[in-house]
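Me: I have a structure open and would like to talk it through with you. Could we start with the parts that touch the DNA?

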Protein chains: 2
Amino acid sequence: MDRRATEKDDETSAKERPTLKTLAFMTGLGVTTVSRALKDAPEIGAETRRRVQLVAKQIGYRPNRAGVRLRTGKTNVISLVLNTEHEIMSFVSDIIYGVTEVIADTPYHLIVTPYSRSQDPLDPVRYLVETGSADGVIISRTQPNDPRARYMLERGIPFATHGRTDMGLVHPYHDFDNYAFAGEAVRHLAGMGRRRLALVTPPVGLTYYGHTVNGFADALSEVGASEVPFNTVSIDHTIEQIRMRTAQLMRRDDRPDGIVSSAAAATLAVVAGIEDAGLKLGRDVDVVSKQSSELLHLFRRELLVVNENFRLAGSELARAVLGWIGGADPGSLQSLSTPGEVQAYRG
Amino acid sequence: MDRRATEKDDETSAKERPTLKTLAFMTGLGVTTVSRALKDAPEIGAETRRRVQLVAKQIGYRPNRAGVRLRTGKTNVISLVLNTEHEIMSFVSDIIYGVTEVIADTPYHLIVTPYSRSQDPLDPVRYLVETGSADGVIISRTQPNDPRARYMLERGIPFATHGRTDMGLVHPYHDFDNYAFAGEAVRHLAGMGRRRLALVTPPVGLTYYGHTVNGFADALSEVGASEVPFNTVSIDHTIEQIRMRTAQLMRRDDRPDGIVSSAAAATLAVVAGIEDAGLKLGRDVDVVSKQSSELLHLFRRELLVVNENFRLAGSELARAVLGWIGGADPGSLQSLSTPGEVQAYRG
DNA sequence: TTGGCAATCTGTAACGTTTCAGTATACTGA
DNA sequence: TCAGTATACTGAAACGTTACAGATTGCCAA
């Protein structure tokens, strides 16, 4: 039993959210005109346009997302697809903050779409595309031959990858130059006289695993140092596993005198393992590690660090997706972040 | 120039996403009947209902969110409102994972709504409510007299707070028992013979600041220990500030021999400060700290820790909001997480 | 036979937006 | 004068869903 009038509704009810109809009534124009005036369509008179926009601003008109979405299919949503088990901790918050920073003054919302180890990583992406839940997607844990990227490219939905692919397909990405990182790390250790180096790799299968391994290997031969294989762990392993295996490694006769680590959390475990083996950081072995927040130097001042800025990554990824949505050339929306120098502790 | 037929559209186009109309055509029923059959309305014959649901499942029908939202106002969205500057790192990812875990098998999406230091914390909440962008909201950094909670209560939108309020108003929350934590920490330190204790507090103004301070004070008088005031920092301060001020504190004659810290990141800085002052953890001073991931024992094995599970918090908060949305009594959707025992390093 | 009623099913309208296909008016050029 | 056209505006329809107000059928009691 709705007792409200049907036509004059917008006039009387000050409490309801204003719609185009409200604006039309207030300005004495048609709904269509108001709609077009708000988006600066050329066939609307300049004065009318100003008038409508003024009134709209005054009464705080905001387009109804559901209406727009139903009519046009535009969701004004960016989805960040995350693995809820593997993603490194601070990684996630920083990326999210980076993304929100960029979309803050756009009509876009950020939705977080999770998937777990048990699932096919393609599942969440398929869901998003099939249900048309987002205008753009950001994925991480990118693989050289990434089915998700291929799928989205086929379906024509804008996306950006954190990390590069290697399929001969062009799409926006942001990546940290892990080849350069590993190289710098090796050169730095070599410069300190370290000669037998081990690498704690990224997860096997991800693109930057290859970049890191190659950067490591190339620099090794460049400086004439040798590699101590340490293939039993990657940064995806648990703290306990990394710690234990590092301890094993460090108890061997042919133990490394330098270690390069691809993630801060792993580095904590590596150092624990080193100390479990009765060795001392900075004396028996040096460690260069990536980190995304300035914590490692508090942990052990002997650690050597290279910073990776995930907040920046988030911003770049958001910019890339928005750019693609906006019609820019996907090939122009690729960026690579160069690592800074290896930093020792400064008093 | 759309050349497709108007009526038989659903019959021919196998590529389009199925709608109620598609189902209606396939089953030979009316759109209304299909709609009701899918939601188990009682006035639909049992067999029809089964038939419709079968076909719907077969062709992978999924209701169009925009259609539902436009018609009913239901968004199927939960919004997590985050401060992009203050929130502790791993905190955020864990909460998000906890939330997504719970909403995974519901139609809900999670959107992240950020706000920054410069803004009124009420802004994002007001935006969500005014635009009807979410069915439920989760907020953190809860204050005793929290305008956001008051606002949402007035507007009748379901929400849950991470942390309690103290306004005499009833609403769902999840909280960690910081009163108990601080008390346990003090008792543990006292049990080790520590007598002069300092507290690194939560941010002043948040509800759990009070809980922590009270737990600390009550336990102090219970065990007959004394407090060394350390009001110049809270866990919201920067690593550098905390480190410097801890060093200052520890150089004084009346320095504490025990410290209770409310967050892991702050603890790193505290320990650095202690060592800057030339003192040794475990000998000159003991530190009990909360942590949300098992890192502190890698950092210094002398540290004493109490775990706070943010993933659990996320799950509980999500459950609470969904419960309220589902019509449950808000008063029944409150939970308090009891801290475990203070843990020393175990081999 | 008829009226009443329960059980099932259905068409229409509406949510707020944009697109399509106009209409009305005034101005232009010949 | 008149057609032609540019300018400024408008109503109706459609996106997919649900609520409302029926419609149809069969059955039972009187």
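Me: Which residues come nearest to DNA strand C?
Reply: Bearing in mind that this is a predicted model, there are 24 residues around DNA strand C, and those that come nearest are Tyr61(A), Arg71(A), Gly30(B), Thr32(B) and Thr33(B). Of the atoms of DNA strand C that come within 4 Å of the protein, sugar and phosphate account for 58%.

Me: What polar contacts are there with a phosphate oxygen of that strand, C?
Reply: Among them is one from chain A, where an N or O atom in the side chain of Lys39(A) is 2.7 Å from a phosphate oxygen of DNA strand C. Another involves chain B, where a polar backbone atom of Gly45(B) is 2.9 Å from a phosphate oxygen of the strand.

Me: And which residue has a side-chain atom by a base oxygen of DNA strand C?
Reply: That is Thr32(A), which has a polar side-chain atom 3.3 Å from a base oxygen of DNA strand C.

Me: Which helix supplies the largest share of the surface near strand C?
Reply: The largest share comes from α5(A), with four residues, while α3 and α5 of chain A and α3 and α5 of chain B each supply at least two residues of that surface. Sorted by class, the surface near DNA strand C has eight nonpolar, twelve polar and four charged residues.

Me: OK, now the other strand: which residues are closest to DNA strand D?
Reply: DNA strand D is surrounded by 24 residues, and the closest are Gly30(A), Thr33(A), Ser35(B), Tyr61(B) and Arg71(B). Sugar or phosphate holds 60% of the atoms of DNA strand D within 4 Å of the protein, and the rest belong to bases.

Me: How does Thr33(A) meet strand D?
Reply: An N or O atom in the side chain of Thr33(A) is 2.4 Å from a phosphate oxygen of DNA strand D. Thr48(A) also has a polar side-chain atom by a phosphate oxygen of this strand, at 2.7 Å, whereas Gly67(B) places a backbone N or O atom 3.3 Å from a base nitrogen of DNA strand D.

Me: Which helix gives the most to the surface near strand D?
Reply: That is α5(B), which gives four residues to the surface near DNA strand D.

Me: Let's stay with that helix. Which of its residues are buried?
Reply: The buried residues of α5(B) are Arg65(B), Ala66(B) and Arg69(B). Looking down the axis of α5(B), you would find these buried residues within an arc of 95 degrees, so they line one face of the helix. The face turned away from the buried side carries the exposed residues Arg71(B) and Thr72(B).

Me: What covers the buried ones?
Reply: The cover over the buried residues of α5(B) includes α5 and α7 of chain A, along with β1 and β2 of chain B.

Me: What happens at the N-terminal end of α5(B)?
Reply: Asn64(B) caps that end, with a side-chain oxygen 2.8 Å from the backbone nitrogen of Ala66(B). Just after α5(B) comes Gly73(B), which takes a positive phi of about 85 degrees.

Me: Last topic: how many helices and strands does chain A have?
Reply: The secondary structure of chain A comes to 14 helices and eleven strands. Its radius of gyration is 27 Å, well over the 20 Å that the globule rule gives for 347 residues, so chain A is more spread out than a compact globule. Along the principal axes, the C-alpha atoms of chain A fill a box of roughly 90 × 40 × 40 Å.

Note on methods: Residues are numbered from 1 along each chain as its sequence is written. Chains are lettered from A and ligands numbered from 1 in the order in which they are written. This is a predicted model: local features need pLDDT of at least 70, side-chain atom pairs count only at pLDDT 80 or more; totals for chains, interfaces and linings use all residues. Side-chain values use heavy atoms; hydrogens and water are left out. A residue is near a molecule or strand if one of its heavy atoms lies within 4 Å of it. A polar contact is a pair of N or O atoms within 3.5 Å; within protein, one must be able to donate a hydrogen and the other to accept it, and residues adjacent in sequence count only if both atoms are side-chain atoms. Ala, Val, Leu, Ile, Met, Phe, Trp, Tyr, Cys and Pro count as nonpolar, Asp, Glu, Lys and Arg as charged, and the others, Gly among them, as polar. Buried means under 20% relative accessible area, exposed over 50%, partly exposed in between (1.4 Å probe, protein chains only). The arc is that of the directions from the helix axis to the C-beta atoms. Contact means heavy atoms within 4.5 Å. The radius of gyration is taken over C-alpha atoms; the globule rule is 2.2 Å times the number of residues to the power 0.38.
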